[in-house]
Amino acid sequence: MKKLIATLKANYETLLFILAGLFLMLALFKPNIQLKQDVQNYLLVADVSQSMNAEDMKLGNKTVSRLVYTQHMMKEVVKKSACGTYVSLGIFSAETVALLFMPLEVCKNFDIIIDTIDHLEWRMAWSGNSRMTFGVKAAEATFAYLNVPAKMLFFTDGDEAPKANGINKLDITDVRIGKNVIFVGVGGHEPSPIKRFNAQNKFVGYWGTDAAAESAGGGVNYNDASKDDPDPPVAYAEFDRYLSQLDAEHLKEMAGDIKGQYIEAQDKPAFYDFIQSQSSVAKFVTDYSVRWIFLIIAGLLVLSTYIPDVYRNGFRFWKFKP
């Protein structure tokens with residue numbers, strides 16, 4: 001035993017470096033432990049009604065539809081979210097919010113989330129009308145189904161069909177999820193025509209005022225590919241086109257009614273900073289990395305090899321200090 005102790009003392013530096021190397025190797029394997037943590041949990045909801053096909057948004061130098069712009073911003077939110085953040089995805093049409101998948105961790109499921117967002121389109125809609133107040137009520141039911149707190153980002157132009165009025169507008173002041181709702185306004189501030197497509201997703205023209213009014217009331221289920229006319233009626237003159245724009249005032253009013261928030265969709269750092277600044281809203285059992293612990297131990301072991309030299313030099317300094 002004495003011989004072993006003597007050997008260790010004589011070769012302590014080698015031993016410390018070997019131990020440091022072992023902890024560095026452990027750190028390379030990304031060690032994790034399971035802990036219940038406060039995490040960001042986003043429910044991304046995309047309005048897939050026809051008005052979201054209006055092309056009045058800019059991505060770089062390219063003009064794109066409101067839905068394409070929504071897809072871009074949703075993907076950026078996912079990309080800028082730290083590992084451990086959870087995301088679920090839903091779509092809004094008519095009076096209902098449909099959940100596409102339950103919360104998924106962004107890093108482990110990144111490709112799945114991005115691919116699903118890429119495949120959002122107007123043909124997912126199940127009815128021609130679009131009633132935002134009813135949609136908010138439906139979103140409340142979706143929250144109950146999730147059974148876990150989430151921050152809902154509702155991407156929409158706020159353009160209702162038929163237009164909201166005293167008869168068809170639902171009272172939403174009793175909605176209890178307001179603190180977790182952010183309406184994200186997507187669309188231009190100038191009236192823009194809405195592209196119309198047939199069941200094969202082929203552009204056939206623009207929605208006319210008469211056709212839009214008929215379908216908006218729910219009488220025509222134009223999103224059902226089995227019933228859609230291969231060449232549906234369109235506006236043949238510019239003055240016959242149904243025009244749409246971002247209804248920010250309506251969205252702000254709804255946000256005020258439920259004590260939620262409103263922000264305009266802008267592909268700028270300030271928007272994403274605002275989203276990331278939202279407080280953690282859920283607790284999930286997630287992987288917690290302990291790599292930093294192994295790295296600190298390895299560093300301390302390396303520094304420990306210098307302790308005897310520091311001690312000796314320090315002792316000599318104080319002993320011979322004039």
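Biologist: What makes both faces of β7 covered?
Modeller: K151, L153 and F155 are buried on one side, and M152, F154 and T156 are buried on the other. Buried means under 20% relative accessible area, exposed over 50%, partly exposed in between (1.4 Å probe, protein chains only). Six of the six residues of β7 are buried, so the strand is mostly covered.

Biologist: What kind of model is this?
Modeller: This is a predicted model: local features need pLDDT of at least 70, side-chain atom pairs count only at pLDDT 80 or more, and totals for chains, interfaces and linings use all residues. Residues are numbered from 1 along each chain as its sequence is written, and side-chain values use heavy atoms, leaving out hydrogens and water.

Biologist: How many helices and strands are there in the chain?
Modeller: Ten helices and 14 strands. Both are DSSP runs numbered from the N terminus: H or I of at least four residues for a helix, E of at least two for a strand. Of the 322 residues, 46% are buried.

Biologist: How do you know that β7 pairs with β2 and β8?
Modeller: Two strands pair if DSSP finds at least two bridges between them. β2 (41-47) and β7 (151-156) have five bridges in the parallel sense. β7 and β8 (181-185) also run parallel, joined by five bridges. Both pairs therefore pass the cut-off. V45 stands opposite F154 in β7. On the β8 side, M152 faces V181 and T156 faces G185.

Biologist: What makes β6 and β13 edge strands?
Modeller: Each pairs on one side only. The sheet is open, with six strands in the order β6-β5-β2-β7-β8-β13 and mixed pairing. From one strand to the next, the twist averages 20 degrees. Axes are lines fitted to C-alpha atoms, for helices over the stretch in contact, and angles run from 0 to 180 degrees between N-to-C directions.

Biologist: How do you know that α4 packs on the sheet?
Modeller: α4 touches β2, β5 and β6. Contact means heavy atoms within 4.5 Å. The direction of α4 makes about 160 degrees with that of β6. α5 lies across β2, β5, β6, β7 and β8, and runs at about 35 degrees to β6.

Biologist: Why does the length of α5 agree with that of a helix?
Modeller: The expected span is 1.5 Å times one less than the number of residues. α5 (residues 132-146) has 15 residues and should span 21 Å; its end C-alpha atoms are 20 Å apart, which agrees. Among its buried residues are M132, V136, F143 and L146. The buried residues of α5 pack against β2, β5, β6, β7, β8 and α7 (248-258). Just after α5, N147 takes a positive phi of about 60 degrees.

Biologist: Which residues touch the most other members of the largest nonpolar core?
Modeller: L44, L153, F155 and F271, in a core of 33 residues. A nonpolar core is a set of buried Ala, Val, Leu, Ile, Met, Phe, Trp, Tyr and Cys residues joined through side-chain atoms within 4.5 Å. α3 (66-79) gives the most, with six residues. Leaving aside its neighbours within four places in sequence, L153 is in contact with Y42, L43, L44, V45, V77, I182, V184 and I275. A second, separate core of 26 residues includes F92, V148, M152 and L251.

Biologist: Why is A94 called buried and N201 partly exposed?
Modeller: A94 has a relative accessible area of 6%, so it falls under the buried limit. N201 has 32%, so it falls in between. A94 is in the loop between β5 and β6, and its phi is near 60 degrees, a positive value in a residue other than glycine. N201 is in the loop between β10 (195-197) and β11 (203-206), with a phi near 65 degrees, also positive in a residue other than glycine.

Biologist: What makes S65 buried?
Modeller: Its relative accessible area is 10%, so S65 meets the same definition. S65 is in the loop between β4 (62-64) and α3. Beyond its neighbours within four places in sequence, S65 is in contact with M52, N53, A54, E55 and M57.
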